[in-house]
Amino acid sequence: MQVERQARDWDDLARLDPYWAILTRPGKRFNRWDSAEFFATGAAEADALMARSDQLGRPERRERALDFGCGLGRVTRGLAAHFDECVGVDISEDMVRGAREAHADVENVSFEVNRAGDLGRFDNESFDFAYSTIVLQHVPDKEQIAAYIGEFCRVLRPGGLAVFQLPSHIPAIYRLQWRRRLYGALRRLGVSAPTLYRRLRLLPIAMSYIPEPEIGRLIDSFGARLLDTDTVSAAGMLNSGVRSTTYFVTR
Ligand SMILES: C[S@@+](CC[C@H](N)C(=O)[O-])C[C@H]1O[C@@H](n2cnc3c(N)ncnc32)[C@H](O)[C@@H]1O
């Protein structure tokens, strides 16, 4: 039920304002992102990731990469320049449809809808690289987030690299998420998504966080090894006081 609601919310956003729902930059709301500019951010992100990977000496091979919560394939496309094969998975059918259309010209990428609470569709140790950014923070349930992190560790080959981001701290005032609660309540009453989004300026997006030490313990419990972390103050939809941490994990 919860997964169905999350999928509905992301499908709503994929139809209303997909680029901004993915990258909430000032001045870009209400379909003001330029497509080339949007995808250029993913190429730059993938290049920076590979430079960082080189420093860490992982992954040992660049055969197969996973982009979990790929959205429109912004970063998946960038990763395709560095790996033999890239697979993007997303909970939203509309995002996946958009990704397939946007990257029909790229041979070594594919996109799949995954509404399961796990990555059971993929074998153990079947990826050299697993990436997830701006996704886990939108999964409302901490146990679910932990389960996905366990799955990144499971599908990772020995010598591979998993890189995932989520906030490690959100100030109490932002945890109330009244816009999201109101969106859910009114949507259930039958108010249309465009009215909620455009006229009432409400958003269905959840914001979750898990403190860094908890993630460290989780990674240990999955038999993986934390190589490094990067923590930054996150701007964007939520402003000051939010800390976002990226974890670099190997097996
Ligand atoms: C903010 S967008 C980020 C997209 C992409 N990672 C990027 O950086 O361009 C979040 C994406 O995560 C997807 N998502 C949210 N919950 C998910 C889940 N449980 N499983 C898979 N995808 C999920 C949404 O549908 C959406 O496309």
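Visitor: Which residue lies over the face of Y209?
Guide: Happy to start there, keeping in mind that this is a predicted model. The partner is a lysine whose distance from the ring centre of Y209 is 4.9 Å. A charge counts as sitting over a ring within 6 Å of its centre. The residue over Y209 is K142.

Visitor: And over which ring does the charged end of R29 sit?
Guide: Here the charge belongs to an arginine, and its distance from the ring centre is 4.6 Å. The ring beneath R29 is that of W20.

Visitor: Why is the pair of F122 and F127 edge-to-face?
Guide: A search of the whole structure turns up 13 aromatic pairs. For F122 and F127, the ring centres are 5.1 Å apart. Planes over 60 degrees apart count as edge-to-face. The pair is edge-to-face because its planes stand at 85 degrees.

Visitor: Are F122 and F127 buried or exposed?
Guide: The cut-off for burial is under 20% relative accessible area. Both F122 and F127 come out as buried.

Visitor: Which backbone polar atom is 2.7 Å from a nitrogen atom of the ligand?
Guide: The ligand is surrounded by 17 residues, and the closest include R74, D90 and Y148. A backbone N or O atom of T133 lies 2.9 Å from a ligand nitrogen, and for I91 the corresponding distance is 3.2 Å. The 2.7 Å contact belongs to a polar backbone atom of G69.

Visitor: How much of the ligand's accessible area does the protein cover?
Guide: The ligand occupies the space of the largest cavity. On its own it has 600 Å² of accessible area, and the protein covers 100%.

How values were computed:
Residues are numbered from 1 along each chain as its sequence is written. This is a predicted model: local features need pLDDT of at least 70, side-chain atom pairs count only at pLDDT 80 or more; totals for chains, interfaces and linings use all residues. Side-chain values use heavy atoms; hydrogens and water are left out. Rings of Phe, Tyr and Trp (its six-membered ring) pair if their centres lie within 6.5 Å; planes under 30 degrees apart count as stacked, over 60 as edge-to-face and the rest as tilted. Buried means under 20% relative accessible area, exposed over 50%, partly exposed in between (1.4 Å probe, protein chains only). A charge sits over a ring if NZ of Lys or CZ of Arg is within 6 Å of the ring centre and within 35 degrees of the ring normal. A residue is near a molecule or strand if one of its heavy atoms lies within 4 Å of it. A polar contact is a pair of N or O atoms within 3.5 Å; within protein, one must be able to donate a hydrogen and the other to accept it, and residues adjacent in sequence count only if both atoms are side-chain atoms. Accessible areas come from the Shrake-Rupley method with a 1.4 Å probe; for residues, only the protein chains shown count as cover. On a 1 Å grid over the protein atoms alone, a cavity is a set of points where a 1.4 Å probe fits but cannot get out, and a pocket is an open set with protein on both sides within 12 Å along at least five of seven lines; lining residues have an atom within 4 Å of a point. A molecule sits in a cavity or pocket if more than half of its atoms lie within 2 Å of its grid points.
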